[in-house]
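Have the sequence and the 3D view open side by side. The paragraphs below go through chain A, then chain B, then the empty spaces.

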Amino acid sequence: MTRAYDEVAVGDTLPELPIPLTRTSIVATAIASRDYQDVHHDPGLAVERGSRDIFMNILTTNGLVDRYVTEWAGPAAVVKAIKIRLGVPNYPGDTMVLTGTVTAKHDEDNRVEIAVRGMNGLGAHVTGTAVVRLPSKDAT
Amino acid sequence: MSGPNHGSNHSGDYEERLAAFVGVEVVPPKPGQDPVNVPMIRHWVEAMGDQNPIYLDAEAARATGRDGIVAPASMVQAWTMRGYAATAAGPAPVNPGRGPGMAELIALLDEGGYTSVVATDSEFEFHRELVVGDHVSAREVVESISPEKTTALGVGRFVTTMRTYTDAGGEVVAVQRWRTLRFRPKPKTEPQPEAAQEPEPKAPRPRPAINRDNEFWFAAARDHRLVIQRCASCQVLRHPPGPCCAHCGSFDWDTVEASGRGHVYSFVVNHHPRHPAFEYPLIVAVVELAEGTRLITNLVGVTPEEVEIGMPVVLDWLDADPDLSLPVFRLREGSN
């Protein structure tokens with residue numbers, strides 16, 4: 001079911017999405033995004049480079065924000081922008097909880113802006129904005 | 001605490017060599033290894049846990065008005081990643097005949113000691129959805145290279161680039177502002193049980209409340225300039241920034257740059273409540289500048305026991321993150 005543009009209001013909140021961060025998921029997403037940087041799969045080298053452990057790559061954070069907003073918006077939504085800033089790393093063993101709030105609507109082209117935040121045990125891993133274009137009610 | 005490269009990365013010559021990369025297309029348009037294809041989409045959506053049917057089910061995609069399967073928007077960068085073999089082979093060789101490119105920029109950053117890299121910002125705008133068979137190219141232009149900043153990970157520089165993704169016909173499909181921190185990892189310390197449990201890197205420092213009256217002051221701080229507001233009518237200096245001179249009432253003002261010297265006018269040591277962005281004990285001081293104005297700041301490189309009122313101090317800079325630099329003060333050397 002796709003959400004219609006007319007059904008969305010500024011201030012609407014998206015349901016929380018907890019993402020368990022396992023060693024396997026951090027490696028699997030890095031490889032699925034073709035990112036072979038050692039800090040995303042080799043704990044020894046990650047520590048040598050100043051990190052506590054391996055950590056999630058930014059392509060995956062983009063992918064999870066994409067998934068989060070489109071799960072809420074539905075399959076007819078078209079993603080127009082994803083703008084993120086990373087804070088603390090996503091390390092194995094933690095959980096990141098994604099939350100989102102509709103912050104703006106643009107009637108001229110049915111774009112909806114969503115402020116997204118992903119918190120883990122250390123603090124904010126990601127803060128940013130996603131923009132999706134939703135169909136009008138009569139079109140769904 | 002000089003590292004092997006200390007000094008070379010502060011010299012004017014090094015700065016100029018870095019600055020020469022700004023505006024340069026360091027990655028010419030380069031097609032990804034594979035066109036957009038279902039197996040790579042499947043790997044991506046499985047790993048991400050993304051169950052949107054439009055990425056694998058043509059029927060479901062058509063039901064939304066699309067012509068068929070589309071790739072997840074966020075996947076655009078993945079189509080142009082260099083892959084395992086090139087990553088394992090290490091940095092591309094520097095080629096003096098070819099003009100400055102990414103390999104040369106990375107070599108220059110390595111020369112400055114900035115050997116580690118972490119991505120900090122990605123700002124995508126998607127112009128159209130990618131479909132199976134699209135062959136994506138990416139080119140990359142350097143927008144800016146920051147001055148050296150002290151971050152939770154180590155001392156480094158933020159490198160901001162603009163990536164433009166195009167299809168086989170040259171049409172732009174997405175643009176991405178991309179920022180990485182190139183840094184010198186902090187020296188490894190012996191693992192300590194307590195330290196191992198400490199969260200790092202730290203939470204971002206709380207944002208100052210910036211408005212039209214004080215924006216100039218924080219903008220100057222980002223450039224590592226400590227400025228003082230001056231009344232343009234009666235020349236009286238004032239801080240904190242405000243719209244109107246308390247002495248003569250004039251709304252006209254300009255600024256002067258502080259010498260960076262001052263003394264401790266007063267101070268407190270903050271123990272509680274703790275905020276994860278700060279290190280404790282946290283010394284919060286009122287420093288009276290040589291110019292006469294006072295500002296609230298932190299003292300660094302000194303223990304609370306060593307601080308005395310009247311102690312001479314000198315300006316230093318705290319680079320909390322790419323958008324926030326703040327003046328801090330340390331003891332003026334040779335002052336005892």
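How many residues lie between strand 3 and strand 4 of chain A in their hairpin? Four residues lie between them, and A:Asn110 in that turn has a positive phi of about 60 degrees. Strands here (E, at least two residues) and helices (H or I, at least four) are DSSP runs, numbered from the N terminus. This is a predicted model, in which local features need pLDDT of at least 70 and side-chain atom pairs pLDDT 80 or more, while totals for chains, interfaces and linings use all residues. Residues are numbered from 1 along each chain as its sequence is written, chains are lettered from A and ligands numbered from 1 in the order written, and side-chain values use heavy atoms, without hydrogens and water.

Stay with chain A. Strand 3 covers residues 95-106, and strand 3 pairs with strand 4 in the antiparallel sense over nine bridges. Two strands count as paired if DSSP finds at least two bridges between them. A:Gly100 has A:Val116 of strand 4 as its bridge partner. On the other pairing, ten bridges join strand 4 to strand 5 (residues 123-133), again antiparallel. A:Asn120 stands opposite A:Gly123 of strand 5. The hairpin between strand 4 and strand 5 runs through two residues.

Now look at the side chains of strand 4, residues 111-120 of chain A. They alternate. A:Val112, A:Ile114, A:Val116, A:Gly118 and A:Asn120 point to one face and are buried. A:Arg111, A:Glu113, A:Ala115, A:Arg117 and A:Met119 point to the other face and are not buried. Buried means under 20% relative accessible area, exposed over 50%, and partly exposed in between, with a 1.4 Å probe and protein chains only.

For residues 15-115 of chain A, an unreviewed UniProt entry lists "domain: MaoC-like". UniProt positions follow the numbering used here, feature names are shortened, and annotations may be inferred rather than shown by experiment. The end C-alpha atoms of this span lie 13 Å apart, and the span is 32% helix and 32% strand.

Turn to chain B and find strand 6. This strand is mostly covered: ten of its 14 residues are buried. Strand 2 (residues 116-126) pairs with strand 6 of chain B in the antiparallel sense over ten bridges. There, B:Val117 stands opposite B:Arg182. Strand 5 (residues 154-166) of chain B also runs antiparallel to strand 6, and 13 bridges join the two. B:Phe158 has B:Leu181 of strand 6 as its bridge partner. The hairpin of strand 5 and strand 6 of chain B has five residues between the strands, and B:Gly170 takes a positive phi near 90 degrees.

Farther along chain B, three strands form an open antiparallel sheet in the order 8-7-9. Strand 8 (237-238) and strand 9 (253-257) stand at the edges with a single partner strand each, so one side of each is left without a neighbour in the sheet. Two bridges join strand 7 to strand 8 of chain B. One of the pairs is B:Arg230 with B:Leu237. B:Gln229 is found in strand 7, residues 227-231. Is B:Gln229 buried or exposed? B:Gln229 counts as buried because its relative accessibility is 1%. Its side chain reaches the backbone nitrogen of B:Gly242 at 2.9 Å.

Finally, the empty spaces. Rolling a probe the size of a water molecule over the atoms shows where empty space is left. On a 1 Å grid over the protein atoms alone, a cavity is a set of points where a 1.4 Å probe fits but cannot get out; a pocket is an open set with protein on both sides within 12 Å along at least five of seven lines; lining residues have an atom within 4 Å of a point.

A search of the whole structure finds four cavities of 30 Å³ or more. The largest cavity is lined by 17 residues, with A:Val79, B:Ala71, B:Ala73, B:Glu129 and B:Leu130 nearest its centre. Strand 2 (78-86) of chain A and strand 6 (172-185) of chain B each supply at least two lining residues.

The second largest pocket is lined by 21 residues, and B:Trp217, B:Phe218, B:Ile296, B:Thr297 and B:Leu326 lie nearest its centre. Strand 12 of chain B gives the largest share of that lining, five residues.

Conventions. Grid points are joined across faces, edges and corners, and a volume is the space filled by probe spheres set on the points. A polar contact is a pair of N or O atoms within 3.5 Å; within protein, one must be able to donate a hydrogen and the other to accept it, and residues adjacent in sequence count only if both atoms are side-chain atoms.
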